[in-house]
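Subject: Handing over the structure

Hi,

Here is the structure I promised to pass on. Have a look at it first, and then read on for what turned up.

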Amino acid sequence: MNETSGLAITLFGEILMVDQLARSRLSKVLPKGMELSHFSVLNHLDRSNIERSPAQLAKTFHLTRGAMTNTLHKLEIAGYVHIRPDWDDARRKMVAISPAGRQARDAALACMAPIINDMVSKLGDDRVRAALPILRELRLKLEEHG
(Lines give C-alpha, C1' and ligand atoms only; values in the text may rest on other atoms or scores of the structure.)
Protein backbone atom coordinates (compact mmCIF):
# COMPACT_ATOMS: atom_id res chain seq x y z
CA MET A 1 0.00 0.00 0.00
CA ASN A 2 1.46 3.36 -1.02
CA GLU A 3 1.27 6.59 0.97
CA THR A 4 -1.64 8.02 -1.10
CA SER A 5 -3.65 4.84 -0.66
CA GLY A 6 -3.08 4.87 3.09
CA LEU A 7 -4.07 8.54 3.25
CA ALA A 8 -7.25 7.85 1.27
CA ILE A 9 -8.20 4.94 3.53
CA THR A 10 -7.59 7.06 6.64
CA LEU A 11 -9.63 9.96 5.21
CA PHE A 12 -12.62 7.80 4.32
CA GLY A 13 -12.37 5.92 7.61
CA GLU A 14 -12.61 9.23 9.49
CA ILE A 15 -15.51 10.46 7.32
CA LEU A 16 -17.45 7.23 7.85
CA MET A 17 -16.85 7.28 11.61
CA VAL A 18 -17.85 10.96 11.87
CA ASP A 19 -21.02 10.17 9.90
CA GLN A 20 -21.87 7.24 12.16
CA LEU A 21 -21.22 9.16 15.39
CA ALA A 22 -23.04 12.29 14.22
CA ARG A 23 -26.10 10.29 13.11
CA SER A 24 -26.17 8.41 16.39
CA ARG A 25 -25.85 11.54 18.50
CA LEU A 26 -28.38 13.58 16.53
CA SER A 27 -30.91 10.75 16.29
CA LYS A 28 -31.07 10.56 20.07
CA VAL A 29 -32.23 14.17 20.45
CA LEU A 30 -34.83 14.26 17.68
CA PRO A 31 -38.47 14.69 18.72
CA LYS A 32 -40.30 11.43 19.41
CA GLY A 33 -41.14 9.55 16.22
CA MET A 34 -38.85 11.56 13.97
CA GLU A 35 -35.95 9.89 12.22
CA LEU A 36 -32.92 11.62 10.77
CA SER A 37 -34.12 10.71 7.26
CA HIS A 38 -37.42 12.46 8.00
CA PHE A 39 -35.61 15.58 9.15
CA SER A 40 -33.37 15.54 6.08
CA VAL A 41 -36.33 15.43 3.68
CA LEU A 42 -38.25 18.11 5.60
CA ASN A 43 -35.16 20.30 5.75
CA HIS A 44 -34.61 19.93 2.00
CA LEU A 45 -38.24 20.74 1.17
CA ASP A 46 -38.20 23.71 3.54
CA ARG A 47 -34.95 25.14 2.19
CA SER A 48 -35.78 24.63 -1.51
CA ASN A 49 -39.35 25.87 -0.97
CA ILE A 50 -40.58 24.10 -4.12
CA GLU A 51 -42.50 20.91 -4.73
CA ARG A 52 -40.47 17.85 -5.71
CA SER A 53 -41.42 14.50 -7.15
CA PRO A 54 -40.53 11.40 -5.14
CA ALA A 55 -38.08 10.47 -7.93
CA GLN A 56 -36.35 13.86 -7.65
CA LEU A 57 -36.09 13.45 -3.88
CA ALA A 58 -34.73 9.91 -4.26
CA LYS A 59 -32.06 11.21 -6.64
CA THR A 60 -31.18 14.11 -4.33
CA PHE A 61 -30.68 11.76 -1.38
CA HIS A 62 -29.10 8.95 -3.43
CA LEU A 63 -31.84 6.51 -2.41
CA THR A 64 -34.01 4.05 -4.27
CA ARG A 65 -37.49 5.24 -5.17
CA GLY A 66 -38.87 2.57 -2.84
CA ALA A 67 -36.88 3.87 0.13
CA MET A 68 -37.99 7.44 -0.59
CA THR A 69 -41.61 6.36 -1.02
CA ASN A 70 -41.45 4.67 2.39
CA THR A 71 -40.05 7.83 4.04
CA LEU A 72 -42.62 10.04 2.29
CA HIS A 73 -45.44 7.72 3.37
CA LYS A 74 -44.39 8.08 7.01
CA LEU A 75 -44.12 11.86 6.64
CA GLU A 76 -47.56 12.02 5.02
CA ILE A 77 -49.14 9.97 7.82
CA ALA A 78 -47.57 12.36 10.35
CA GLY A 79 -49.05 15.29 8.41
CA TYR A 80 -45.61 16.72 7.61
CA VAL A 81 -45.92 16.65 3.81
CA HIS A 82 -48.67 17.02 1.24
CA ILE A 83 -48.54 14.61 -1.68
CA ARG A 84 -50.66 15.40 -4.71
CA PRO A 85 -50.92 14.17 -8.30
CA ASP A 86 -48.80 16.00 -10.84
CA TRP A 87 -51.31 18.00 -12.89
CA ASP A 88 -49.17 17.59 -16.04
CA ASP A 89 -48.52 13.86 -15.67
CA ALA A 90 -51.04 11.88 -13.61
CA ARG A 91 -48.55 9.01 -13.21
CA ARG A 92 -46.32 11.21 -11.05
CA LYS A 93 -46.85 12.77 -7.66
CA MET A 94 -45.56 16.00 -6.20
CA VAL A 95 -44.46 16.53 -2.60
CA ALA A 96 -44.52 19.74 -0.57
CA ILE A 97 -43.79 20.42 3.08
CA SER A 98 -46.87 21.24 5.18
CA PRO A 99 -47.07 23.87 7.92
CA ALA A 100 -46.91 21.03 10.47
CA GLY A 101 -43.82 19.73 8.65
CA ARG A 102 -42.16 23.13 8.97
CA GLN A 103 -42.92 23.15 12.69
CA ALA A 104 -41.55 19.60 13.07
CA ARG A 105 -38.41 20.54 11.13
CA ASP A 106 -37.92 23.63 13.29
CA ALA A 107 -38.43 21.59 16.48
CA ALA A 108 -35.90 18.99 15.31
CA LEU A 109 -33.41 21.69 14.39
CA ALA A 110 -33.84 23.28 17.83
CA CYS A 111 -33.00 19.90 19.41
CA MET A 112 -29.96 19.35 17.20
CA ALA A 113 -28.58 22.91 17.23
CA PRO A 114 -26.91 22.73 20.68
CA ILE A 115 -24.96 19.61 19.69
CA ILE A 116 -23.93 21.03 16.31
CA ASN A 117 -23.06 24.44 17.75
CA ASP A 118 -21.04 22.86 20.56
CA MET A 119 -18.97 20.82 18.09
CA VAL A 120 -18.29 23.84 15.87
CA SER A 121 -17.42 25.92 18.92
CA LYS A 122 -14.96 23.28 20.16
CA LEU A 123 -13.32 23.00 16.74
CA GLY A 124 -13.34 26.74 16.07
CA ASP A 125 -15.10 28.68 13.32
CA ASP A 126 -11.91 29.18 11.30
CA ARG A 127 -11.05 25.47 11.22
CA VAL A 128 -14.60 24.52 10.25
CA ARG A 129 -14.63 27.20 7.53
CA ALA A 130 -11.32 25.82 6.22
CA ALA A 131 -12.66 22.24 6.12
CA LEU A 132 -15.89 23.06 4.27
CA PRO A 133 -14.43 23.64 0.78
CA ILE A 134 -12.56 20.33 0.93
CA LEU A 135 -15.62 18.40 2.11
CA ARG A 136 -17.82 20.12 -0.50
CA GLU A 137 -15.36 19.28 -3.29
CA LEU A 138 -15.15 15.69 -2.11
CA ARG A 139 -18.97 15.46 -2.13
CA LEU A 140 -19.16 16.90 -5.64
CA LYS A 141 -16.54 14.45 -6.93
CA LEU A 142 -18.42 11.54 -5.37
CA GLU A 143 -21.68 12.79 -6.93
CA GLU A 144 -19.98 12.92 -10.37
CA HIS A 145 -19.24 9.22 -10.16
CA GLY A 146 -22.73 8.39 -8.83
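Which element gives the largest share of the lining of the second largest pocket? That would be H4, with five residues. Before going further, please keep in mind that this is a predicted model.

**The second largest pocket**

Let me stay with this pocket for a moment. The space in it comes to about 290 Å³. Its lining is made by Ser53, Pro54, Ala55, Arg65, Thr69, Leu72, His73, Glu76, Ile83, Arg91, Arg92 and Lys93. Two elements, helix H3 (54–60) and H4, each give two or more residues to that lining. By type, the lining residues are four nonpolar, three polar and five charged.

One of the lining residues, Arg91, also turns up in a salt bridge: its side chain meets that of Asp89, at 3.0 Å from N to O. How accessible are the two partners? Arg91 has 76% relative accessibility, so it counts as exposed. Asp89 has 22%, so it counts as partly exposed.

**The largest pocket**

Now for the largest pocket, which holds about 2600 Å³ of space. It is lined by 43 residues, and those closest to its centre are Val18, Asp19, Ala22, Arg23 and Leu135. Several helices take part: H1, H2, H4, H5 and H6 are the elements that give two or more residues to the lining. H1 gives the largest share, with 12 residues. If you sort the lining by type, you get 26 nonpolar, eight polar and nine charged residues.

**Salt bridges**

How many salt bridges does the structure hold? There are 11. As a reminder, side chains of opposite charge can pair when their charged atoms come close. Besides the Arg91 and Asp89 pair, two others are worth pulling up on your screen.

Take Lys74 and Glu35, whose closest N and O atoms are 3.7 Å apart. Lys74 sits in helix H4 (residues 65–77), while Glu35 is in the loop between helix H1 (3–29) and helix H2 (36–48), so this salt bridge ties together parts that are 39 residues apart in sequence. Are these two buried or exposed? Lys74 is partly exposed because its relative accessibility is 35%, and Glu35 is partly exposed too, at 38%.

Then there is the salt bridge between Arg102 and Asp46, at 2.8 Å from N to O. This pair links distant parts of the chain: Arg102 belongs to helix H5 (residues 99–123) and Asp46 to helix H2, with their positions 56 residues apart. With a relative accessible area of 18%, Asp46 falls under the 20% limit, so it is buried. Arg102, at 28%, counts as partly exposed. The two are also part of something wider, since a network of salt bridges links Asp46, Arg102, Arg105 and Asp106.

**A patch on the surface**

Where is there a nonpolar patch on the surface? Look for Leu11, Phe12 and Leu142, which together make a patch of about 260 Å². Leu142 is placed in helix H6 (residues 125–144). At 48% relative accessibility, Leu142 counts as partly exposed, because the exposed class begins over 50%.

**Two backbone angles**

Last, a couple of backbone details. Which residues other than glycine have a positive phi? Asn49 is one of them, with phi near 55 degrees. You will find Asn49 in the loop between H2 and H3, and its relative accessibility of 54% means that it counts as exposed. His62 is another, with a phi of about 55 degrees even though it is not a glycine. His62 lies in the loop between H3 and H4, and it counts as exposed because its relative accessibility is 55%.

If you want a place to start, you could pull up Asp46 and Arg102, and then follow the network on to Arg105 and Asp106. After that, try the largest pocket, starting from the residues closest to its centre, Val18, Asp19, Ala22, Arg23 and Leu135.

Cheers

Notes. Residues are numbered from 1 along each chain as its sequence is written. This is a predicted model: local features need pLDDT of at least 70, side-chain atom pairs count only at pLDDT 80 or more; totals for chains, interfaces and linings use all residues. Side-chain values use heavy atoms; hydrogens and water are left out. Patches are made of residues with over 30% relative accessible area and no salt bridge: like charges are joined within 9 Å, nonpolar side chains (Val, Leu, Ile, Met, Phe, Trp, Tyr) within 5 Å. Accessible areas come from the Shrake-Rupley method with a 1.4 Å probe; for residues, only the protein chains shown count as cover. A salt bridge is a side-chain nitrogen of Lys or Arg within 4 Å of a carboxyl oxygen of Asp or Glu. Helices (H or I, at least four residues) and strands (E, at least two) are DSSP runs, numbered from the N terminus. Buried means under 20% relative accessible area, exposed over 50%, partly exposed in between (1.4 Å probe, protein chains only). On a 1 Å grid over the protein atoms alone, a cavity is a set of points where a 1.4 Å probe fits but cannot get out, and a pocket is an open set with protein on both sides within 12 Å along at least five of seven lines; lining residues have an atom within 4 Å of a point. Grid points are joined across faces, edges and corners, and a volume is the space filled by probe spheres set on the points. Ala, Val, Leu, Ile, Met, Phe, Trp, Tyr, Cys and Pro count as nonpolar, Asp, Glu, Lys and Arg as charged, and the others, Gly among them, as polar.
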